[in-house]
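The following exercises concern packing, helix geometry and side-chain contacts. Each task is followed by a solution in steps.

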Amino acid sequence: MNQFSPLKRPAATIAGLAIALFASPLFIAAYRRITGENHSDWQVVGRELGIFLLVGVLLWIVRTQEALPLTSIGWHTEKLRRSLLRGLALTVIVLAVTVCLYLLLQRLDIRLGEEHNSVFHPSLLVVTLIMLRAGISEEIFYRGYAIERLQSLFGNKVLASAVPLIIFAAGHYRQGLGGIVATFVLGGIFTIFYLKYRDLLANITAHFLGDFVLNVILPLVSGG
């Protein structure tokens, strides 16, 4: 394993942190301003591909500018079965917490989701792409990269965990107070799980499956 420390190339790491923490919400905001609110599947696909490109840039920074292996952001595939089983276990936890949060927020009359009567609903295939992108990009950005690099730079696990979590939750402001609260709680679970296992694949698996069940499987089953 390459033991080259990101502290020896601070410019690359700072650039990587800027991408991990801020590039995705800024890109989405700029894309929305240029193309308008979601109105077609192809428009949404373009946005998702743009975010995947940001992920590619960040991974390029890790490998070529920081000269570090992907294991430095928690990517391990040598025990694939274990990672997938961890991901499945975390999926169950996330789904249970999501249901509890939904019921609690309803009881407290806290809005969850965007209030647009004419909001565009992409096809379930495109929704699947969105869920896949969210699982991959958000776990790489806010867990794997941000936590590892902030902890390396500042030597403080609390800071390294809290800063990405707060930014991650704030980035869901368009979903209202309920969306921010739910994202903070669920993001906190992903953060705790990552800190315990440093298993990025498990986090990605759970993030994708949790979103997929709620946003694709349930609509299919309910006919919505």
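**Exercise 1.** Leaving aside neighbours within four places in sequence, with which residues is threonine 191 in contact?

*Solution.* The model is a predicted one. Begin by locating the residue: threonine 191 is found in helix α6. Next, apply the cut-off for contact, heavy atoms within 4.5 Å. With neighbours up to four places away in sequence set aside, threonine 191 is in contact with Arg143, Ile147, Ser161 and Leu165. Then consider accessibility: threonine 191 has a relative accessible area of 5% and is therefore buried. Finally, take a separation along the chain: threonine 191 and isoleucine 110 are 81 residues apart in sequence, and their C-alpha atoms are separated by 24 Å.

**Exercise 2.** Determine whether leucine 177 is buried or exposed, and list its contacts beyond four places in sequence.

*Solution.* Leucine 177 belongs to helix α6, which covers residues 176-197. The relative accessible area of leucine 177 is 54%, so this residue is exposed. Its contacts, apart from neighbours within four places in sequence, are Ile110 and Arg111. As a distance check, the C-alpha atoms of leucine 177 and aspartate 211 are separated by 19 Å, with their positions 34 residues apart along the chain.

**Exercise 3.** Compare the span of helix α2 with the expected value, and identify the helices against which its buried residues pack.

*Solution.* Helix α2 runs over residues 41-65 and has 25 residues. Its first and last C-alpha atoms are 35 Å apart, close to the 36 Å expected at 1.5 Å a residue. The buried residues of α2 include Glu48, Ile51, Leu54, Val55 and Leu58. Packing of the buried residues of α2 is against α1 (10-35) and α4 (124-154). After α2 comes alanine 67, whose phi is positive, near 55°.

**Exercise 4.** Which residue shares a polar side-chain contact of 2.5 Å with arginine 133?

*Solution.* Arginine 133 is placed in helix α4. With a relative accessible area of 7%, arginine 133 is buried, because the cut-off is under 20%. The partner is glutamate 48: the two side chains are joined by a polar contact of 2.5 Å. Outside its neighbours within four places in sequence, arginine 133 is in contact with Glu48, Ile51, Phe52 and Glu138.

**Exercise 5.** Which residues have the most contacts inside the largest nonpolar core, and which helix supplies its largest share?

*Solution.* The largest nonpolar core comprises 27 residues, and Leu58, Ile140, Phe141 and Tyr145 have the most contacts inside it. At least two residues of this core come from each of α1, α2, α4, α5 (157-170) and α7 (200-222). Helix α4 gives the largest share, 7 residues. Apart from this core lies another, of 11 residues, among them Ala182, Leu186, Phe193 and Ala206. Returning to phenylalanine 141, its contacts beyond four places in sequence are Ile19, Ala20, Ser24, Ile51, Leu54, Val55, Leu58 and Ala146.

**Exercise 6.** Examine helix α5: its span, its start and its packing.

*Solution.* The 14 residues of α5 should span 20 Å at 1.5 Å a residue, and the end C-alpha atoms are 20 Å apart, which agrees. At the start of α5, a side-chain oxygen of asparagine 156 comes to within 3.0 Å of the backbone nitrogen of valine 158. Among the buried residues of α5 are Ser161, Leu165 and Phe168. The buried residues of α5 pack against α1, α4, α6 and α7.

**Exercise 7.** Classify the ring pair of phenylalanine 27 and tyrosine 31, then give the charges that sit over rings at phenylalanine 168 and tyrosine 197.

*Solution.* A pair of aromatic rings is described by the distance of the centres and the angle of the planes. There are 4 aromatic pairs. For phenylalanine 27 and tyrosine 31, the centres are 5.7 Å apart and the planes are at 35°, so the pair is tilted. Both residues, phenylalanine 27 and tyrosine 31, lie in helix α1, 4 residues apart, about one turn of the helix. Phenylalanine 27 is partly exposed at 25% relative accessibility, whereas tyrosine 31 is buried at 18%. Turning to charges, the charged end of arginine 143 sits over the ring of phenylalanine 168, 4.5 Å from its centre. Lysine 196 lies over the face of tyrosine 197, 5.3 Å from the ring centre.

How values were computed
Residues numbered from 1 in each chain as written. Predicted model: local features only at pLDDT ≥ 70, side-chain atom pairs only at ≥ 80, totals over all residues. Heavy atoms only, no water. Expected span 1.5 Å × (residues − 1). Buried < 20%, exposed > 50% of the residue type's maximum accessible area, 1.4 Å probe, protein only. Polar contact = N/O pair within 3.5 Å; in protein donor to acceptor, adjacent residues only side chain to side chain. Core = buried A, V, L, I, M, F, W, Y, C linked by side-chain atoms within 4.5 Å. Phe/Tyr/Trp six-rings, centres within 6.5 Å; stacked < 30°, edge-to-face > 60°. Lys NZ or Arg CZ within 6 Å of the ring centre and 35° of its normal.
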